[in-house]
Amino acid sequence: IEQLAVPFYQHLDSKRNEYTSLIKSASVVMGPTGIGKSEMLRVFGEACGCPLIRINTADVVPASWKGTHISDVFYEAISDGSTIEELEYAVVVFHEFDKIVHRNQLLLGNGGVDIDVDMMRDIMRLFETNHSLHIEPTIAHFGSESYDLPIDNLLIVFDGAFYGMDKIVKKRLSVDTHLGNSSAMKKCADKINWMSLVANEDLIAWGYSPELVGRIGNVVAMNPLSVDVIYEIITTAENSVVKMHVDYCAQKNVELHFEDEALHYIAEEAFKSELGVRNVKTLMAKGLKNFYYDFPQATSSEKVAMTVTKDYLMRNIKGQSALAMFFQE
């Protein structure tokens, strides 16, 4: 949050005072899935009062390639009610930016593929000064008006999980050579967020062109969510999975309760999976599968109260057999 506050404030200031900021820079946000990258950027965009243009790099292709282009995403934003004046100060987020390069091709020594290079060239055009992005109507809006969007005031942000980037950083720093292979050293290395040490040469080793890397001025490495934070999210968020299950059961006249230990267990398992909050829904589905299969029948006049315990979730999530449960008892 601290690292993103500066470019977002500079962007907001330029929007408020209607000038082009020459000092704000693009940022790349790294971190494992399920830790809130998209949510954080959404909140920052709302704080700036700017449209948030979310471009999934897996869904777009370069200009002249057949498919959805960057300009098509902007046109859809116009179709949804945004004006060119509003889009001039938009926050443009390239989601899953780590997947824009085919690293398997690079590892084989093929130097990448044409679509990677062309896509990076398209993105670099958004950094040109005194340049406008020509936005043609999509096929769904054929015959509609076209637009020219000035790009000097856009704020560009890239995000991605970047699984495997830690290995590139360790190789550059010769970590295995310097730290050794002792168990104590390995435990020490496991506590380091290696993405916080990413340098330009690591991004180039990942597969990005030096020209594109030179336009990224801010590398933000997010830490995995702790067990306590995951627990707080699933117990207090308005759209938490726990609340969804409780509300669903209430519609069937069943009062569903969760023991605190049960929710802590879910948070711990989500943390261990390294998938963060994103894995909570899957864990809850596994834990409550048998509960819904044998769903209690309630009448309209009398409610049924059910309490989910840690042991119940553990048995279902771990997939223990009835025989194993018998011997444990």
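I'll start at a single residue: just after helix H17, Gly 319 takes a positive phi of about 70°. Bear in mind that this is a predicted model.

Now back up into the helix itself. H17 runs over residues 310-318, and its buried residues are Leu 313, Asn 316 and Ile 317. These three sit on the same side of H17, because the arc they cover around the axis is only 95°. The spacing fits a general rule: an α-helix has 3.6 residues a turn, so residues three or four places apart point the same way. And what do the buried residues of H17 pack against? There are three helices, H14 (260-273), H15 (280-287) and H16 (289-293), and one strand, S9 (304-308).

H15 also takes part in a helix pair. Its axis and that of H13 come within 10 Å and cross at roughly 40°. The two helices are therefore oblique to each other. From H13, the contact is made by Val 241, Val 242 and His 245, and from H15 by Val 280, Lys 281 and Met 284. Sorted by class, that contact has four nonpolar residues, one polar and one charged.

Next, the loop that follows H13. Asn 253 lies there, between H13 (241-251) and strand S8 (254-258). Is Asn 253 buried or exposed? Its relative accessible area is 16%, so Asn 253 is buried, the cut-off for buried being under 20%. Setting aside neighbours within four places in sequence, Asn 253 is in contact with Ala 298, Thr 299, Ser 300, Ser 301, Glu 302, Lys 303 and Val 304.

Earlier in the chain there is helix H6, residues 114-124. Its buried residues are Asp 116, Met 119, Met 120, Asp 122, Ile 123 and Met 124. Which elements cover them? They include helices H3 (70-79) and H11 (210-213), along with strands S3 (91-95) and S6 (155-160).

Last, the cysteines. How many disulfides are there? The count comes to zero. Take Cys 48: the closest cysteine sulfur belongs to Cys 50 and is 4.9 Å away from the sulfur of Cys 48, which is too far for a bond. A disulfide would need the two sulfur atoms within 2.5 Å. Cys 48 is buried, with a relative accessible area of 6%. Cys 249 counts as buried as well, at 0% relative accessibility.

Terms used: Residues numbered from 1 in each chain as written. Predicted model: local features only at pLDDT ≥ 70, side-chain atom pairs only at ≥ 80, totals over all residues. Heavy atoms only, no water. Buried < 20%, exposed > 50% of the residue type's maximum accessible area, 1.4 Å probe, protein only. Helix = DSSP H or I, 4+ residues; strand = E, 2+ residues; numbered from the N terminus. Contact = heavy atoms within 4.5 Å. Arc of directions from axis to C-beta. Axes fitted to C-alpha atoms, helices over the stretch in contact; angles between N-to-C directions. Parallel < 35°, antiparallel > 145°, perpendicular 65-115°, else oblique. Nonpolar A, V, L, I, M, F, W, Y, C, P; charged D, E, K, R; others polar.
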